[in-house]
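Q: I'd like to learn how to read charged side-chain pairs in a model. Can you walk me through it?

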Amino acid sequence: MMFAGWLRPHRVFIAAVAVASGALACRDTTMSRELSNSGITEPRFTAGVGFTSTPVGRGNLGKFHVQSKNDGYDVELKSHDNTDIAVANITVVPGGTSGWHSHPGPVLVVVKTGALTFYRADDPSCSPTLRPAGTSFIEEGGVVHIARNEGAVDATTVATYFLPAAAAQRIDEAAPGNCAF
């Protein structure tokens with residue numbers, strides 16, 4: 001009986017070592033951020049501050065083609081590739097920012113409260129675009145941008161992402177030289 005009691009902690013220790021060794025043996029086979037951005041010689045990635053994204057759900061839709069015509073209203077959605085749909089609630093506090101980033105596919109955004117100001121890295125003048133509560137818009141995939149809450153109340157949005165299957169929703173990007181903030 002004492003011998004069996006002595007083996008249990010030993011087995012737990014061996015199991016813990018085996019699990020830890022297995023976890024250490026696994027490695028991420030994706031390309032490192034530095035290699036995936038080889039054109040950027042000095043990364044200046046910016047983190048979001050006062051920015052919270054809370055996942056609502058994510059699922060795989062595969063390839064799809066939907067045409068909806070009803071009472072004179074005509075909409076068409078189409079994806080040629082295996083597609084995930086993800087939804088998130090996003091909050092940006094006053095003075096908060098998303099940090100510079102892009103998305104691998106389009107994002108449909110509804111602004112629920114407050115307002116967000118968007119800046120695009122490909123705009124030489126870094127002109128702001130205000131998106132107040134009650135508006136919606138589409139962020140194009142691959143466009144480097146930042147969202148800032150330059151108002152006095154929380155800005156809340158619902159974002160629906162169209163993504164390549166299993167892809168990240170967000171890609172952190174370097175701060176462009178055309179926007180000085």
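A: Sure. Let's begin with a network of salt bridges that links Arg120, Asp122 and Glu140. Keep in mind that this is a predicted model.

Q: What's the general idea behind such pairs?

A: Side chains of opposite charge can pair when their charged atoms come close. Here, the cut-off is 4 Å between a side-chain nitrogen of Lys or Arg and a carboxyl oxygen of Asp or Glu.

Q: How far apart are the closest N and O atoms of Asp122 and Arg120?

A: They sit 2.8 Å apart, and the pair forms a salt bridge. The side chain of Arg120 also meets Glu140 in a salt bridge, at 3.6 Å from N to O.

Q: Which parts of the chain does the pair of Arg120 and Glu140 tie together?

A: Arg120 lies in strand S5 (residues 115-120), while Glu140 is in the loop between strand S7 (136-139) and strand S8 (145-148), so this pair ties together parts that are 20 residues apart in sequence.

Q: And how do I read accessibility for these two?

A: Anything between 20% and 50% relative accessible area counts as partly exposed. Arg120 falls there with 33%, and Glu140 is partly exposed too, at 47%.

Q: How many salt bridges does the structure hold?

A: Five. One of them joins Asp172 and Arg170, whose closest N and O atoms are 2.7 Å apart.

Q: Are Asp172 and Arg170 buried, partly exposed or exposed?

A: Asp172 is partly exposed, with a relative accessible area of 35%. Arg170 is partly exposed as well, at 26%.

Technical notes
Residues numbered from 1 in each chain as written. Predicted model: local features only at pLDDT ≥ 70, side-chain atom pairs only at ≥ 80, totals over all residues. Heavy atoms only, no water. Buried < 20%, exposed > 50% of the residue type's maximum accessible area, 1.4 Å probe, protein only. Helix = DSSP H or I, 4+ residues; strand = E, 2+ residues; numbered from the N terminus.
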